[in-house]
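Please examine the sequence and the structure shown below. The explanation that follows begins with a metal site and then turns to pairs of charged side chains.

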Amino acid sequence: MRIAMETAVYALSRSATRHISIAPEVDALYWGRRGETTMLLETFSSVGQAFRYARSSAKASGIRPLTSPAESLWVHWEKVASSLRPLLAGRSLLWDEVKELVRGMAEPMEDRELRAALQVMSLTGTAILVPGVEIPPAVSRWRCNRCGAGPEGLFRSRCRRCGRPCVSCDRCIVLGRSRACTPLFFFPAGGRNGEGRRSVDLRLPPLTEGQRWVSERCLEAVRSGERFFLTWAVTGSGKTEAVLPAVREVLGGGGRVLWVSPRRDVVEELAPRLQRAFPDTPVSVLHGETGWIRTISPLTVATAHQAWRFYRCFHLVVVDEGDAFPLEGDPQLRSGLARAMAEGGTTLWLTATPPADWRRRLMRRRMPGVILPVRHHGLPLPEPRLFRRWGLWFSLDRGRPLPPVTAFLDRVVSTGGQGLLFVPRVADVDRLLSWIKGRHPDRFGECRGMSGRDGGRKATLEELRKGKIRFLITTTVL
Ligand SMILES: [Zn+2]
Ligand SMILES: [Zn+2]
């Protein structure tokens, strides 16, 4: 079934500027009240197409003036819009996500009415409408407006939404598909809550000297409005406790804090710890399986992907890599974190394994940050090694030898362990599987592929945990 988003492009009778609307009757009334006539130029089944047309000099096929509906409707739409504002402010949402979030409201709302309210918000500056995926005016490459992925993360296919060839994004698919034909809304958040400072109860165990040192540096960074501040501390050094005073500082000033961890299990472990530390502050937990949070709490703990759903909302973003695969290497996740941050906000980045150039810059004081000096317990931290292979996908598709992959498979088997093989896109799961089938038929039976679209994901993970699967090939969704 096609559920296209009808989008109109119009101009005002006295200007050539083209405007976009998902509810043109709202615009007709808005401009009619200002003595302007709204001239409808074209209607499209895709928001992306409407934007492209509006930015071009293409002629309009059938210009017609829109009649303005009854004045009283404006009051009604505005009322609906202001009832939505507290729910939507500070978020970045696709049309489907807006609908899902609004569905939980006391009074059900029809699509038509929701579109009208969103259009009121867009005319009055409390919502910004863009296509999910587009070619931005200053750039000639396609880009996903939700996650920032470029052409390498996007693909073109016939779309069941708009019924046309359409471009959609694979990078942020964990949150639902961002497409060229579907609108994406940014809802600017209001400022900090309330006026003046409030006292926030923080319960901390006594800090070590090292923790106190880090804690003071983080506080300074937040107070001076530093955009980015790195804390480099080895595992088990207590860096979580060390940054809590900085969190309290922001909460006390009426700001919101987003605490990001790379993995769901870390998020679930951390949330009760933070709630104990801040007994009088509501803490929200957000990851792939929690569903929506209706009110954005002063303190939100989330997986990194969830940051794509926020818009200039948090005055402090704490990124705790949890000593897992560094988020640092993922530009889409980083741009999501940057967009989730309110103007003048700070990112506190906690890591045990900073990339080499961060270390260098930190040592040379070219990057604001602090190193937590702590006793090391002997064992070195495992660090990933990089093997660069030219023509990797070419070799893979032709079943050519790939010694590092073979060595990895052999080593995992010889140690009796299990291995995860990550590939960039869903389609690559099968490519790698067929390579293994061709090169290592004896291993193939021990391999399983999994993608974000896989319905049996939970069952597969359960089998993995029980050791029934030796090698799991998957995208970074895991
Ligand atoms: Zn995307
Ligand atoms: Zn489409």
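Donors are the N, O and S atoms within 2.8 Å of the metal (3.2 Å for Na, K and Ca); water is not among the atoms, so sites may look incomplete. This is a predicted model, in which local features need pLDDT of at least 70 and side-chain atom pairs count only at pLDDT 80 or more, while totals for chains, interfaces and linings use all residues. Residues are numbered from 1 along each chain as its sequence is written, chains are lettered from A and ligands numbered from 1 in the order in which they are written, and side-chain values use heavy atoms, with hydrogens and water left out.

The zinc ion (ligand 1) has as its protein donors the SG atoms of C144, C147, C169 and C172, at 2.2 to 2.4 Å. Along the chain, these donors follow the spacing C-x2-C-x21-C-x2-C. Four donors count as tetrahedral if all angles lie between 85 and 135 degrees; four count as square planar and six as octahedral if opposite donors are over 155 degrees apart and all others between 65 and 115, and anything else is irregular. The site of the zinc ion (ligand 1) is tetrahedral, with angles of 103 to 113 degrees among its four donor atoms. C169 and C172 are both buried (under 20% relative accessible area; exposed means over 50% and partly exposed in between, with a 1.4 Å probe and protein chains only).

The next topic is the salt bridge, defined as a side-chain nitrogen of Lys or Arg within 4 Å of a carboxyl oxygen of Asp or Glu. The whole structure holds 23 salt bridges. One of them joins E36 and R14, with 3.7 Å from N to O. Because E36 lies in the loop between α1 (24–32) and β3 (38–44) and R14 in the loop between β1 (7–12) and β2 (18–21), the pair ties together parts that are 22 residues apart in sequence. Here helices (H or I, at least four residues) and strands (E, at least two) are DSSP runs, numbered from the N terminus. E36 is partly exposed, at 21% relative accessible area, whereas R14 is exposed, at 63%.

Another salt bridge lies within a helix. D357 and R361 have their closest N and O atoms 3.5 Å apart. Both belong to helix α10 (residues 356–363), and because they are four residues apart there, about one helical turn separates them. D357 is partly exposed at 31% relative accessibility, and R361 is partly exposed at 37%.
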